[in-house]
Every structure is written in C-alpha cells, then in structure tokens.
Amino acid sequence: MAPPVGHMMSPDDPDNPQNWPFWRKVYASVVATAFAFAVAFGITSLTVGIQGLMMEFDVSMTTAVLGLSLNLYGIAFAPITTPHLSERFGRSPVYFVSLPLFALFVLGAGYSKSFAALAVCRFFAGFFGGPCLVLIEGTFADVWSPHLTVTYYSFLSLASYIGAGCAPLILGYVVTAESWRWTQYVALMIALAAYILGIGFPETYPREILRTRARRGGFKINLAKAESGVTLSEMARTTLFTPLAMAVTEPVVILVTFYLSLNFAVLFQWFIAVPAVLNLVYGFTLHQAGLAFIAAIVGALVSTLTSSLIESFTNRRNACTSMANMAPIEYRLVPAMVGSLGMVASLFWIGFSAMPTINHMVPIVGTGVYVWSSMSILTALVSYIFDAYPAKGTLSALTLMATTRIIFAAWLPLVIIQMIMGLQGQWAYSVFGFIAIAMIAVPIILFIFGPGLRARSRHSAATMGNGKHMMDRHVDQEMQMGNEHH
C-alpha cells in the first residue's frame, strides 16, 4: 500500500481506527474511560476527608479545601501540554506514563506527614493525571464517526462526571470506618485497576499509526505539519498565545468560555457545599451526605440520554440538507438551549429549598438537575467548537476553554462556604442563578449569529458548516488534537 500524503488515513484503510471491529472500538473507549474515571475520582476523593485533614494538620477549612483546588490547578496545565506530547509519541504512551505518575503522587498524598507535603502531592497528582482527562477526547474522536460528535462526547464526559460523583458516594463509608488517608488509598486502587484493564490498549492516533507502519515497512511517509506546532515557538503560539488572544478577540470563544467557567465553578463547589449544608441543615453524617451524590450520577446519565436523542433527531431531520447527512453544527447547540433553562431553575430551586422545613430530597434532586444541565451545556458547546474553526483554531479555542473552566472550578470551592454563611444559601445561589439567566442567551446567539461571527474571524475557514467539507475538516482536526476537556 502506498504511503498516504498528509495525516488523514484512507477511509478504506483497515488500520484506520474507524474501520476497526466494533469490539475493538469499544475496548479502546472503555480503557480511555477507565483512565479518565480514575483521575476524576482522585480529584474529588480528598473532599470526603476534609474534617480529618483539619483535625490532623490543625488547618482551617479553606486551607483543607486547597487539597481539591491544587489538584485542579495541576490539571489546568494538561490542555496546554498534552496535544504536543500526543503528537510526538502517540496517545497510548502518554496514557501509560501519565497514570502511573498520577498514582505515585496519590500514594504520596496518602502517606503525607504534613499539609505542605500533601499539597505538593495533590498538585502533581493533578499535573500528571490531567493528560488522561484530555486524551479521552482524542481517543473517542479517533474511533467514532463525526456524525456522532454530541453522542460520543456525552459518553466520554460520563467518565469525568461519574468518576467525580462516585468519590464521595463510596468514600463516605470508607472514611467513616478508617481515616482520610483511605481516600487516597482507594483512589490508588482504582488507578491500578484501570491500568491493568488497559494492558493491550491499541494506539488510536492516526498519525502515530502511519508513522509506526512506515517504520515497520521501511519506507518514508510524508506527513503534513502538525497543527499543534513543531518548534517550541509554534507550540507556544498554538496552545498559549493564540488562546490568550482569542480570549479578547473572538466573540464565539469568549461567550463559550465564560459560560463553561460558570458551569464548572458551580459544579465543583457542590463537593464542598453539599456535605456541609446537609450536615448543618439536616444533620447528615458523612456517608449519608455521600449518598446524595447518587442524584448527580443520575443527572449525568440522563444528560447522556437526552443529548444523544437530540443529536439523533436533528441528524435525521437535516439529512436531506447535507451531503454528509450531518446537521449544520448550530444544531449541536440544542442540548445547551434546553440545559440552560435547567441550570437557572436548579440554582434557585436548591438555594430556596435547603432548609429544615423542606424535605432533604428536594435540594438533593435539585443538584441532580444541575448536573444534567451542566453536562448538557458542556457537551453541546464543546461539540459546537469542534467544527467552529479549522484544526489549529479549534485546538487553541479548546485549550482556552478547558484551562479557564478548570481554574474557575478550583477557585470557587475555596470561597463557597464563606459565601453561603455571608449571604445565606438562598442569595448565594441566587447570584449564580441571575448570572445563569443572562447565559441563556449564549447558545441562542451562537445558533442565530454564529455563522456570521465565525466567518469574520481570522481563525475561521472561508466556508464551513455543511456537507463533505465539514466532515473532512472534522476528521482532519480531531486527528490533530487530544484536547479537552472535562
């Protein structure tokens, strides 16, 4: 077989991951999901042991919450660095180096004898585990059709949402019986189980598959220049300087980044606020508060179902208008339009129902509604950005979106208890609710004005949005990036 020019694999190439047998696609997806689940579990694991940290190290609650925030700050580097690592080594080696290093620092956190040592270990656990949360996006894009962008993004998002939600659910019982250190030991066990499951994980990155085949066949291959850059200056421009420029010059990216930052900030503060509020208002124990996160897990599952059904419906409805049987990318925003209403409702719902005179199930169900809306918005907006720009612009936009929302997710948990105590729960969440009301307009604006805004962007292609052009660009760009976000 003649070596192909460029980095796209032939549609009839048996080595193309999209031509793999279904079982092999599922296995690759399950392994990527397990790795991301393990890291997401590790993010929120320490929140269950906050009281133990405060007692053992004699620190304030805000200081103890740094165990969560520093882990997220470490992860914030992953969207910047992972695309370059994946481009040079493929996805599989990065997975199998990232997870063991993550596990090593999780073990260090469990054995820490001072809070400073714990803080350092938590930061580096996030720093080294972060690529697993980024690579899952590229892995799913490698093996599944672009027709299913919203659907497969919904499923890969489950790894992070359910992983984070399972930590308080499981560890509430463990910490009650043992100590906070077991939050890290259990996270370590899950990472080891994921690693074992991944033995035999195939390389999915098409460029690396082509390079490997060329090395084994003893021939040269002419690959297009990596969109993430080759020199250090090019790499810095793509995942650092261009994202910073987009943050002040690209209306589409600015709107999406701000909305997702609000989304994730509120999402991660629940891991601090829910146990504290349920204990203060309803007298919940640690493991009872952990059970409340079942609602969040159900919300994530329902979001996957609703987003997938909406995509299926819009694709069928628009099949006759697209050469590739794909709906225009604006239709990927529909789950965000629906979810934005749920986000507003849930914030006021929770804020005004968490009181002794109202049954505890009312605010708990409200958190499930919030998670449903959060994941629906994330899935829709990220899937939309996948095709809003050519490959290099998309990579820069996704880098900005991912890094910014992780930074905000790390910040709000540090101050949420002070907000609740100072403003009372009703008005603390009403502040977010009023902001969320304004954000309802974001997917609507993008649906109506998005094509025009993108056409005027210096990062956008001259034509986009339908038929074969969009499909080819989608495959082209997703093979270049391993970027995401969770």
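**Helix geometry, core packing and cysteines in the predicted model**

Helix α6 bends by about 35° at G129, and a proline, P131, follows within four residues of that position. The model in which this bend is seen is a predicted one, and the helix concerned covers residues 115–143. Despite the bend, the end-to-end distance of α6 agrees with expectation, because its 29 residues should span 42 Å at 1.5 Å a residue and its end C-alpha atoms are 43 Å apart. Helix α6 is also mostly covered, with 22 of its 29 residues buried.

Helix α16, which comprises residues 391–439, presents another picture: although it has 49 residues, its end C-alpha atoms are only 27 Å apart, short of the 72 Å that a straight helix would reach at 1.5 Å a residue. A bend of about 115° is found in α16 at Q424.

The largest nonpolar core contains 140 residues, and the members that touch the most other members are Y95, L99, L347, L381, I385, I416 and F432. Helix α11, residues 251–282, supplies the largest share of this core, with 20 residues. In soluble globular proteins, nonpolar side chains tend to be buried together. For I385, one of the core members with the most such partners, the contacts beyond its neighbours within four places in sequence are V252, V256, T394, A397, L398 and M401.

A charged residue was examined next. E330 lies in the loop that runs between α13 (294–318) and α14 (334–351). With a relative accessible area of 8%, E330 is classed as buried, since the limit for that class is under 20%. When its neighbours within four places in sequence are left aside, E330 is in contact with Y384, L446, F447, G450, P451 and R454.

The cysteines were considered last. A search of the whole structure finds zero disulfides. In the case of C132, the closest cysteine sulfur is that of C166, and the distance of 17 Å between the two sulfurs is too far for a bond, because a disulfide requires a pair of cysteine sulfur atoms within 2.5 Å. C166 is likewise in no disulfide, its nearest cysteine sulfur being that of C132, 17 Å away. As for exposure, C132 counts as buried at 0% relative accessibility, and C166 counts as buried at 13%.

Methods: Residues numbered from 1 in each chain as written. Predicted model: local features only at pLDDT ≥ 70, side-chain atom pairs only at ≥ 80, totals over all residues. Heavy atoms only, no water. Buried < 20%, exposed > 50% of the residue type's maximum accessible area, 1.4 Å probe, protein only. Helix = DSSP H or I, 4+ residues; strand = E, 2+ residues; numbered from the N terminus. Expected span 1.5 Å × (residues − 1). Bend = angle between axes of the 7 residues up to and from the residue. Core = buried A, V, L, I, M, F, W, Y, C linked by side-chain atoms within 4.5 Å. Contact = heavy atoms within 4.5 Å.
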